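Welcome! Here is a short briefing on aromatic rings and the contacts they make, ready to read alongside the structure.

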Amino acid sequence: MAKVIDSKIPAGPVPEKWKEYKAHQRLVNPKNKLKLDVIVVGTGLAGASAAASLGEMGFNVINLCIQDSPRRAHSIAAQGGINAAKCYQNDGDSVYRLFYDTVKGGDYRAREANVYRLAEVSNNIIDQCVAQGVPFAREYGGMLANRSFGGAQVSRTFYAKGQTGQQLLLGAYSSLSCQVNAGKVKLYTRYEMEDVVIVDGRARGIIAKNLVTGKLERFSANAVVIATGGYGNTYFLSTNAMGCNCTAAVQCYRKGAYFANPSYVQIHPTCIPVHGDKQSKLTLMSESLRNDGRIWVPKKIEDAKALQAGTKQGWEIPEEDRDYYLERRYPAFGNLVPRDVASRAAKERCDKGFGVNNTGLAVFLDFSESINRLGIDIIMQRYGNLFEMYEEITDVFPGDVANEINGVKYYKPMMIYPAIHYTMGGIWVDYELQTSIPGLFAIGECNFSDHGANRLGASALMQGLADGYFVLPYTIQNYLADQAVWPKVSTDLPEFAEAEKKVDAEQDRLLNIKGKRSVDSIHKELGHIMWEYVGMGRTAEGLKTGLKKMHELEKEFDTNLFVPGTKEGLNIELDKAIHLRDFFTMGQLVAFDALSRNESCGGHFREEYQTEEGEAKRDDENYFYVGCWEYKGKGNEPELIKEPLEYEAIKVQTRNYKN
Ligand SMILES: Cc1cc2nc3c(=O)[nH]c(=O)nc-3n(C[C@H](O)[C@H](O)[C@H](O)COP(=O)(O)OP(=O)(O)OC[C@H]3O[C@@H](n4cnc5c(N)ncnc54)[C@H](O)[C@@H]3O)c2cc1C
């Protein structure tokens, strides 16, 4: 019989659940001096907010990150904004509407109760951040300003220019620093978690590596929280920071934590196109640009060919010859359709030959209409740093007038194309954010909890901060309340010694392969396989080929890798090799999940399952579940365990962004 997962969702109609739940918390009073220790791995928005909150509540927190400062976590990259249902625009927004949009945006594959809770705490997050001094954009009268993101017909995205993540992280960092100063949080920068230690079936600690000295160290605690981000870099080229990796999550998976919905990977429609094979990073152009930028390709194939050949420029093509294909196909949402829909539409146009650059893999994002309407100053106020970033990379400034046709000014458009950006899948967690290993919790992008098969823009920051400030600090107490009678275990236990020995042996193994290929060359090849066979359009045939190629490449990794240096002291190549080992496990998991899900939904698009109009075709009868995977050893197929989805408040239907 299939295993049953208890997601610990309390009974009752969804809107009441979270309130009821909070009322039943067994609160640990910060003043009662309980010596309860919690390890929080990660200092991105999820980790920093959780560590700060737990410290403030009286727990002793050990907080680690791989960067030299928490302020350099990948979260600083977030540009566009953070959602909340404040309804400052008086445009009909509400908690229910944010909840509904998020569930619909996720193509009805998210857990309903979690999303409701997320929408409910969204407003608290903004209040919390304002109190910390986060400089959100404001209207002339002082109210916080809002803009729109994809998948919503209201304006609910709060922002700080194009640096929202950075400003929110500075806010969380100041709270964290306060707790460091108070002695409640002990911060370990340049430390990497290499393994989780399980004692008597519970997570009791971790093995971490001091990345500067190379020394392995043991940490024990009453509970472990991982907040280590997503696995987008499995694809090598992505918008993620270079340091993003999935080692901590994969080690938890190897130790028994289920991995949920790995095939739900988000491909963001507005990234600077790939421009050569020497690139190691792709750059996002924030979705916020779709508020004022219009996406188009030429109507005529001969214009597209001329653009590809470089004999024509976008600004030479007059209005009547432009195909604003999102506005044409989805009149109700236009350029603000969700990311999966916009990405697929761009691919469809480029596959038909309408791409606008020399590779044929780009579409235009054009500000001519909005600059003519609002003036360049307003547009620069909204997107100035994004325009400058685009210019720095491409040498084209999107605010420059380039042509005038019939009295209409045409500005230089940006060129964009979809790229790997975010991972909706992650470590499986129950309603309390606890993984299938008791005492091990996962928050932020590294869990699977709230976005279903597609995340709406500006919802990742909301989820990370909801988890860190408002959910985990409550739910973890249900676990820790019982732990009060358990002493913290000693790091001398054989379980710690054994875990450390294994990590050490793995480093020796990688160093001793002494082959001929660098980590990056193999990683790049893995990325090609992932993009080609497990990317935007997937087929059963392609996924099987991809899996075969991944197995072969993994053998190459195990036999022909070259890692210079030693394990003593700083060795970045060795650290990257460990990450790549885990990207292999992850890549295969993404492919297994994609192969097992014979439907298309959100970011998971199986070409065999599409409507006549090329939209994703779900199969709710057979796939209305969270797909959780249990590790069965290297080279073996993982086992699929299903958590059936139950919707009470929202009617499951086909997504419609047309009317
Ligand atoms: C370019 C870009 C723009 C974005 N813009 C937006 C936006 O406008 N709005 C929005 O909502 N979302 C946005 N996102 C998504 C959002 O930024 C991320 O999903 C979110 O910041 C993830 O936060 P996190 O705390 O879960 O993880 P991260 O910020 O990735 O932090 C991970 C932390 O874990 C640590 N870590 C990782 N592995 C280990 C290990 N083994 N041991 C110890 N520490 C470890 C790292 O040091 C880091 O501190 C954007 C993403 C990108 C790439």
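The structure holds 24 aromatic pairs. Please keep in mind that this is a predicted model. Below you will find two of the pairs, then a ring cluster and some charges over rings.

**The pair Y191 and F219**
- Y191 and F219 meet edge-to-face, with 6.1 Å from centre to centre and 80 degrees between the planes.
- This pair links distant parts of the chain, 28 residues apart: Y191 belongs to strand β6 (residues 191–199) and F219 to strand β8 (residues 216–220).
- Y191 counts as buried because its relative accessible area is 11%, which is under the 20% cut-off.
- F219 has a relative accessibility of 6%, so this residue is buried too.

**The pair F387 and F397**
- The ring centres of F387 and F397 lie 5.9 Å apart and the planes stand at 80 degrees, so this pair is edge-to-face.
- F387 sits in helix α11 (residues 376–394) while F397 sits in the loop between α11 and β15 (401–405), so the pair ties together parts that are 10 residues apart in sequence.
- Both F387 and F397 are buried.

**A cluster of rings**
- Y231, Y253, F259 and Y631 are joined into a cluster by ring pairs.

**Charges over rings**
- R117 places its charged end over the ring of Y431, at 4.2 Å from the ring centre.
- Y422 has R455 lying over its face, 4.0 Å from the ring centre.

Technical notes
Residues numbered from 1 in each chain as written. Predicted model: local features only at pLDDT ≥ 70, side-chain atom pairs only at ≥ 80, totals over all residues. Heavy atoms only, no water. Phe/Tyr/Trp six-rings, centres within 6.5 Å; stacked < 30°, edge-to-face > 60°. Helix = DSSP H or I, 4+ residues; strand = E, 2+ residues; numbered from the N terminus. Buried < 20%, exposed > 50% of the residue type's maximum accessible area, 1.4 Å probe, protein only. Lys NZ or Arg CZ within 6 Å of the ring centre and 35° of its normal.
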